[in-house]
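Thank you all for coming; I would like to take a few minutes to walk through one model with you. Please have a look at it on the screen before I begin.

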Amino acid sequence: METEDEVILARPMKHILQAGPENRNILKLFVSSFNNWVKCPKDALKVCADIANGLHEINLVLDDVLDGTILRRGLPSAHMVYGIPLTVQATLYKIFLIMQNLLCYAEDRKDIAFDDFIKLGIRVFTGQGLEIYYRDSQRCPTFHEYSTLIRGKSTDALKWEVQWLKFCAKKEKMEFSEDLYHKMGLVLQLYGDYINLHNAKYATVRGFCDDLDEGKFNFPIIHAMQSHPNDHRLLDMLKRRPLDMESKKLFLDILESFGSFEYTRKELEKLKNGILIDVDNMNMGKNPQLERVLEDVLGNLETEIYYDGCD
């Protein structure tokens with residue numbers, strides 16, 4: 001039974017659940033696919049899922065605060081309803097609750113669980129901090145710099161959740177390659193970057209191209225700027241955030257003309273093929289669930305485009 005104080009502190013975090021789950025939490029689907037190999041017991045799997053969902057919700061709520069995001073899953077973001085101070089406080093409170101649950105479940109291996117969790121936090125906040133630095137300094141990162149921040153922001157989150165899955169199944173010695181984790185982390189981020197600018201359904205739950213309002217250098221934008229270094233239109237528009245609708249449509253037209261969406265689709269296809277090759281080389285057996293996730297996620301990238309030009 002929650003106390004009145006606990007109810008008050010939990011409200012911003014519970015707010016995100018009011019609109020229901022995400023249609024596609026790809027991180028969760030990737031982690032679940034690893035269980036084809038790990039075979040974590042059902043009771044332990046529930047613990048893993050609860051911890052993973054809690055961390056994911058913290059990340060979403062905190063990201064919305066840092067990015068000034070107005071909508072999340074079609075509802076006003078938590079900080080728009082409860083204010084920034086209480087929302088940030090709620091994320092910190094939730095982190096310590098998760099740490100408490102981790103230590104309770106870890107029993108005689110508390111030191112390992114705690115150490116892994118601290119390392120995860122350092123890497124994730126490093127990746128997110130670098131993303132904010134590039135945005136606020138208005139400096140477009142190189143592809144290498146982008147890959148580095150994604151390693152902290154997405155790859156290590158995926159790896160930690162799989163490590164915890166193995167920890168709960170007492171199969172820590174089962175190894176997966178760093179390259180496999182990183183390819184999946186890049187898929188997570190490139191897919192999110194792509195649909196933010198290219199998918200009509202996404203606009204209904206987050207707003208029209210909200211990465212542009214936040215001034216983010218996502219993957220298609222980085223490609224456009226790196227491939228056309230003497231064209232400063234995109235950077236000039238990003239500086240004027242938030243952008244009006246016509247400016248956003250012009251921005252998307254430029255990305256399309258520079259081949260940045262096509263380039264992103266090709267990179268995602270390369271990553272998918274690379275993941276499937278890595279799986280074959282592991283000699284751990286086929287993983288139909290992972291194959292379905294990759295096919296489902298990447299099979300419809302060219303559908304539901306936002307607009308038909310700016311006429």
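**Surface, pocket and salt bridges**

Val81 counts as partly exposed, because its relative accessibility is 46%. I should say at once that this is a predicted model, and I would ask you to keep that in mind throughout. Val81 belongs to helix H4, which covers residues 78-82, and together with Ile70 and Met80 it makes a nonpolar surface patch of about 290 Å².

From the surface patch I would like to turn to a pocket. The second largest pocket has a volume of about 240 Å³, and the elements that give two or more residues to its lining are helix H1 (4-15) and helix H5 (84-106). Which helix gives the most to that lining? H1 does, with 5 residues. Among the lining residues are Glu6, Leu9, Met13, Tyr93 and Leu97, and Glu57 is also on the list. If we divide the lining by residue type, we find 7 nonpolar and 5 charged residues, with no polar ones.

Now to the charged side chains, where the count comes to 21 salt bridges, of which I will go through a few. In helix H3, which spans residues 42-67, Asp50 and Lys46 lie 4 residues apart, about one turn of the helix, and they form a salt bridge in which the closest N and O atoms are 2.9 Å apart. How exposed are the two partners? Lys46 is exposed because its relative accessible area is 55%, on the far side of the 50% cut-off, whereas Asp50, with 43%, is partly exposed.

A further salt bridge joins the side chains of Arg139 and Glu145, at 3.2 Å from N to O, and here Arg139 is partly exposed, with a relative accessible area of 33%. Then there is the pair Asp231 and Arg233, whose closest N and O atoms are 2.8 Å apart in their salt bridge; Asp231 counts as partly exposed at 24% relative accessibility, and Arg233 is also placed in the partly exposed class, at 41%. Beyond such pairs, salt bridges that share partners join Asp67, Arg135, Asp136, Glu214, Lys216 and Arg241 into one network.

Let me move on to the backbone. Most residues other than glycine have a negative phi, and with that in mind I would point to two residues in loops. Gln138, in the loop between helix H6 (110-137) and helix H7 (143-168), has a phi near 55°, which is a positive value in a residue other than glycine. Lys170, in the loop between H7 and helix H8 (178-198), likewise has a positive phi, near 55°. Are these two residues buried, partly exposed or exposed? Gln138 is partly exposed, with a relative accessible area of 32%, while Lys170 counts as exposed, at 64% relative accessibility.

Finally, I would like to bring in Asp211, a residue of helix H10, which runs over residues 210-214. Asp211 counts as buried because its relative accessibility is 6%, and the cut-off for that class is under 20%. Measuring along the chain and through space gives two separate figures for Asp211 and Gly121: they are 90 residues apart in sequence, and 24 Å apart from C-alpha to C-alpha.

That is where I will stop, and I am glad to go back to any of these places on the screen.

How values were computed
Residues are numbered from 1 along each chain as its sequence is written. This is a predicted model: local features need pLDDT of at least 70, side-chain atom pairs count only at pLDDT 80 or more; totals for chains, interfaces and linings use all residues. Side-chain values use heavy atoms; hydrogens and water are left out. Patches are made of residues with over 30% relative accessible area and no salt bridge: like charges are joined within 9 Å, nonpolar side chains (Val, Leu, Ile, Met, Phe, Trp, Tyr) within 5 Å. Accessible areas come from the Shrake-Rupley method with a 1.4 Å probe; for residues, only the protein chains shown count as cover. A salt bridge is a side-chain nitrogen of Lys or Arg within 4 Å of a carboxyl oxygen of Asp or Glu. Buried means under 20% relative accessible area, exposed over 50%, partly exposed in between (1.4 Å probe, protein chains only). On a 1 Å grid over the protein atoms alone, a cavity is a set of points where a 1.4 Å probe fits but cannot get out, and a pocket is an open set with protein on both sides within 12 Å along at least five of seven lines; lining residues have an atom within 4 Å of a point. Grid points are joined across faces, edges and corners, and a volume is the space filled by probe spheres set on the points. Ala, Val, Leu, Ile, Met, Phe, Trp, Tyr, Cys and Pro count as nonpolar, Asp, Glu, Lys and Arg as charged, and the others, Gly among them, as polar.
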